[in-house]
Amino acid sequence: MVPFLDLQKINEPYRLSFHQALDKMMDAGWFILGKAVQEFEHSFAQFCGVQHCIGVANGLDALILILEGYKELGKLKVGDEVLVPANTYIASILAVFKAGLQPILVAPSLETFLINPKEIERNISSKTKAILPVHLYGQVCDMAAINQLARQHGLLVIEDAAQSHGAASSGVRCGALGDAAGFSFYPGKNLGALGDAGAITTNDARLAEALFALRNYGSEKKYYNQYKGLNSRLDELQAAFLMQKLPNLDADNQHRKAIAAFYSAKIKNDLVNLPAMPSEQEQHVWHLFVLRVANRQRFMQHMTDAGIQTMIHYPVPPSQQQGYPELKGMSCPITDTIHQEVVSLPISNILTVADAEKVVAAVNSYH
Ligand SMILES: *Cc1c(COP(=O)(O)O)cnc(C)c1O
């Protein structure tokens, strides 16, 4: 059996260093916003090529806090419209609602699955105040076009980089491609903790200052509250774990890229649409390797029978989610097609060539 994602195997090489990190924390006796959080924030800012990193509790909170931060700075207000891709993990859209803003769903391109700048332009209204591009599956959105539209119309650009740690466009990394970015270190992400964790990156010093307070009850100085913030601090132990894994992130992403190149070269089946390969100046980090297949259920059964676990990212478009009746009128045909046809193959930093060969053989034998 080739599992979709073997988190035990991914984390096993770190067992000793994780134990040492725990011992260090026990010895220090400091458990909230300590040295490990600071060290990770510094290292991750450097990794992304930005001035500021603010560690937070998870990826959803990272996005909510960015929006709340801009509200505190007077750059956003309740009711403002935020353009988000119509096909994304629900967190991108939930964050906008939680901040009291109005998400406007924008159609993606069928080839890249990414938000389409032409569709962004069509949806800009007098109420639009921000664009929230999602670097879905690890591939960078067309940030040159998006940033140009944002400049023309005076909009903020907030990256959802939860699937794209280390991805880059023309050498500039995700996290540094907009005004601010939200990251998740959920265990299954390219950089994953052993629990929930997240971060915000930005070059905006005023936003960063507000965010350091907002994630900690809105307090800069203990017991003095400048804002009505959240308790959304990056956990000290998770930060220590992430510090052990961050130095290997580039190599891990390289391995994913090699697996993706292998799949792209070896999969030969007319019933399967392979994902578009990125251009030379883009560094895609292949959080997921996503195919489109017309008869998805039959394909997935075939893969299961061949001993390959596959997954769907994601089965239901946000506009059809039960908890989001507000989005019903914003459905879009391209998104519906994507959600009906996508299937994800196993890919990770520890997937072996032998397993990748089994995956290829299984896909190629589907008829
Ligand atoms: C995982 C993910 C999030 C949210 O991250 P959590 O840490 O689970 O809150 C946000 N956006 C996208 C695109 C994601 O994949």
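At 70% relative accessibility, Tyr-223 counts as exposed, where exposed means over 50% relative accessible area, buried under 20%, and partly exposed in between, for a 1.4 Å probe and protein chains only. Tyr-223 belongs to the loop between S10 and strand S11 (224-225); helices (H or I, at least four residues) and strands (E, at least two) are DSSP runs numbered from the N terminus. The model is a predicted one, in which local features need pLDDT of at least 70 and side-chain atom pairs count only at pLDDT 80 or more, while totals for chains, interfaces and linings use all residues. Residues are numbered from 1 along each chain as its sequence is written, and side-chain values use heavy atoms, with hydrogens and water left out.

Some backbone details come next. Although Tyr-223 is not a glycine, its phi is positive, at about 75 degrees. Tyr-217, also not a glycine, has a positive phi of about 65 degrees and sits in the loop between H8 and S10. With a relative accessible area of 46%, Tyr-217 is partly exposed. A cis peptide bond is found between His-313 and Tyr-314, with omega about 15 degrees. Tyr-314 itself is placed in the loop between helix H11 (296-305) and H12.

Tyr-314 also leads to the open spaces of the model. Rolling a probe the size of a water molecule over the atoms shows where empty space is left. On a 1 Å grid over the protein atoms alone, a cavity is a set of points where a 1.4 Å probe fits but cannot get out, whereas a pocket is an open set with protein on both sides within 12 Å along at least five of seven lines; lining residues have an atom within 4 Å of a point. Grid points are joined across faces, edges and corners, and a volume is the space filled by probe spheres set on the points.

The largest pocket holds about 670 Å³ of space. Its lining comprises 33 residues, and those nearest the centre are Tyr-89, Tyr-186, Lys-189, His-287 and Tyr-314. Helix H4 (59-72), helix H5 (91-98) and strand S8 (180-184) are the elements that give two or more residues to this lining. By class, the lining of the largest pocket has 18 nonpolar, 11 polar and four charged residues; here Ala, Val, Leu, Ile, Met, Phe, Trp, Tyr, Cys and Pro count as nonpolar, Asp, Glu, Lys and Arg as charged, and the others, Gly among them, as polar.

The second largest pocket contains about 400 Å³ of space. Of its 15 lining residues, Ile-32, Leu-33, Asn-216, Lys-222 and Arg-233 lie nearest the centre. At least two lining residues come from each of helix H8 (205-214) and strand S10 (219-221), and S10 has the largest share, with three residues. Seven nonpolar, three polar and five charged residues make up this lining.

Turning to enclosed space, the structure has two cavities of 30 Å³ or more. The largest cavity has a volume of about 110 Å³, and among its 14 lining residues the closest to the centre are Ile-10, Lys-189, Asn-190, Lys-245 and Asn-349. Helix H1 (7-11) and helix H10 (249-266) each give two or more residues to the lining of the largest cavity, with H10 giving the most, three residues. Six nonpolar, four polar and four charged residues form this lining. The second largest cavity has about 60 Å³ of space, and its lining includes Glu-111, Phe-113, Tyr-137, His-284, Trp-286 and Val-290. This second lining divides into eight nonpolar, three polar and one charged residue.

Val-290 falls in strand S14 (residues 289-293), which runs antiparallel to S12 and is joined to S12 by two bridges. Two strands pair if DSSP finds at least two bridges between them. S14 takes the middle place in an open sheet of three strands, S12-S14-S15, with antiparallel pairing. Strand S12 (272-273) and strand S15 (342-345) are the edge strands, each pairing on one side only. Within this sheet, Val-272 stands opposite Val-293 in S14. Helix H12 (residues 333-341) lies across S14 and S15 and runs at about 45 degrees to S15; axes are lines fitted to C-alpha atoms, for helices over the stretch in contact, and angles run from 0 to 180 degrees between N-to-C directions.

Finally, Glu-81 lies in strand S2 (residues 81-85) and is buried, with a relative accessible area of 13%. Leaving aside neighbours within four places in sequence, Glu-81 is in contact (heavy atoms within 4.5 Å) with residues including Gln-102, Ile-104, Ser-125 and Lys-127.
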